[in-house]
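Biologist: Could you take me through the nonpolar core of this protein, slowly enough for someone in their first year? I'd like to see who sits there, and then what lies around it.

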Amino acid sequence: LLMYGPPGNGKTYIAKAVAGELDAAFFNVNASQIKDKYVGETEKNLQRLFDEARQHEKSVIFLDEADQLLSRKGNQKIGAVTQFLTLMDGFVKNTECMLVLAATNKPQSLDAAVTRPGRLDTHIYVGPPDAKAREAIVALNMKEVPVAPDLAFGDIAARTEAFSGADMAELCDRAKRFALSRQLASAGEENV
């Protein structure tokens with residue numbers, strides 16, 4: 001399964017949720033953790049990852065920034081695409097209970113062999129949250145925070161149309177820090 005879309009919209013959270021629902025071991029790996037400048041090391045790193053995942057009854061491998069590792073224009077000295085395809089074909093034939101999820105911001109740069117049927121053939125676009133989702137993100141992030149009674153989360157959601165999920169969480173964190181700074185400053189003035 002390949003998830004793609006702009007950064008900060010929850011691809012990693014979706015992968016974690018899938019692993020949680022499956023009650024599976026979760027391997028969250030960034031492509032930069034696998035890729036190595038020395039010949040043969042990238043392939044060994046991929047092999048170790050799949051071997052470790054096979055040690056569990058159920059496992060989910062989440063490969064973030066897959067385009068860095070599985071690009072069609074990748075370094076010809078690194079056989080990452082070939083090794084990945086071999087490992088994918090091997091685990092499918094063995095019918096192990098392993099799920100491979102990948103995420104990228106640039107799906108067009110992936111090698112066509114990686115995205116063909118039988119491999120990462122299901123593609124899901126994970127786009128920016130709509131107004132209802134943005135409102136829910138604000139509500140979740142401000143859940144145990146005292147807020148003004150006239151504050152409407154729906155108004156915030158309406159004014160943040162182009163925000164990603166990460167942007168919304170950061171907006172809430174900044175509001176909390178600003179409120180804390182203001183509270184500390186006013187407490188300091190009272191003590192003077």
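Modeller: Sure, we'll start in the core and work outwards. Keep in mind that this is a predicted model.

The largest nonpolar core has 27 residues, and the ones that touch the most other members are Phe50, Leu69, Leu70, Phe84 and Leu120. Several elements chip in: E2, helix H2 (31-34), H3, E3, H4 and strand E4 (98-104) each give two or more residues. H4 is the top contributor, with six residues.

Let's zoom in on leucine 69. Leaving out residues up to four places away in sequence, leucine 69 touches Ala31, Ile34, Lys35, Thr42, Leu46, Leu63, Ala80 and Val81. There's also a second core, separate from that one, with nine residues, including Ala19, Ala24, Leu101 and Val126.

Now for the aromatic rings. A pair of aromatic rings is described by how far apart the centres are and by the angle of the planes. The model has three aromatic pairs. One of them is tyrosine 4 with tyrosine 125, a tilted pair with 5.4 Å centre to centre and 55° between the planes. Tyrosine 4 belongs to strand E1 (residues 2-4) and tyrosine 125 to strand E5 (residues 123-125), so this pair links distant parts of the chain, 121 residues apart. Tyrosine 4 has 26% relative accessibility, so it counts as partly exposed. Tyrosine 125 is partly exposed as well, because its relative accessibility is 49%.

Phenylalanine 50 and phenylalanine 84, which you met in the core, also form an aromatic pair. This one is edge-to-face, with 6.3 Å centre to centre and 80° between the planes. Phenylalanine 50 sits in helix H3 (residues 41-54) and phenylalanine 84 in helix H4 (residues 80-93), so the pair ties together parts 34 residues apart in sequence. Both phenylalanine 50 and phenylalanine 84 are buried.

Away from the core, a couple of backbone spots are worth a look. Most residues other than glycine have a negative phi. Aspartate 23 isn't a glycine, yet its phi is positive, near 55°. You'll find aspartate 23 in the loop between helix H1 (11-22) and strand E2 (25-30). Aspartate 23 counts as exposed because its relative accessibility is 64%. Glutamate 65 isn't a glycine either, and has a positive phi of about 55°. Glutamate 65 is in the loop between strand E3 (59-64) and H4. With a relative accessible area of 29%, glutamate 65 is partly exposed.

Last stop: the empty spaces. The largest pocket holds about 480 Å³ of space. It is lined by 19 residues, and Met142, Leu151, Ala175, Lys176 and Ala179 are the closest to its centre. Helix H7 (153-158) and helix H8 (165-191) each supply at least two residues of that lining, and H8 gives the most, with nine residues. By class, the lining of the largest pocket has 14 nonpolar, one polar and four charged residues.

The second largest pocket has about 280 Å³ of space. Among its 17 lining residues, Pro7, Gly8, Lys11, Asp64 and Asn105 lie nearest the centre. H1, E4 and H8 each supply at least two residues here, with the largest share, three residues, coming from H1. The lining of the second largest pocket is made up of four nonpolar, eight polar and five charged residues.

Note on methods:
Residues numbered from 1 in each chain as written. Predicted model: local features only at pLDDT ≥ 70, side-chain atom pairs only at ≥ 80, totals over all residues. Heavy atoms only, no water. Phe/Tyr/Trp six-rings, centres within 6.5 Å; stacked < 30°, edge-to-face > 60°. Helix = DSSP H or I, 4+ residues; strand = E, 2+ residues; numbered from the N terminus. Buried < 20%, exposed > 50% of the residue type's maximum accessible area, 1.4 Å probe, protein only. Core = buried A, V, L, I, M, F, W, Y, C linked by side-chain atoms within 4.5 Å. Contact = heavy atoms within 4.5 Å. 1 Å grid on protein atoms, 1.4 Å probe; cavity = no way out; pocket = protein on both sides within 12 Å on 5 of 7 lines; lining within 4 Å. Points joined across faces, edges and corners; volume = space filled by probe spheres on them. Nonpolar A, V, L, I, M, F, W, Y, C, P; charged D, E, K, R; others polar.
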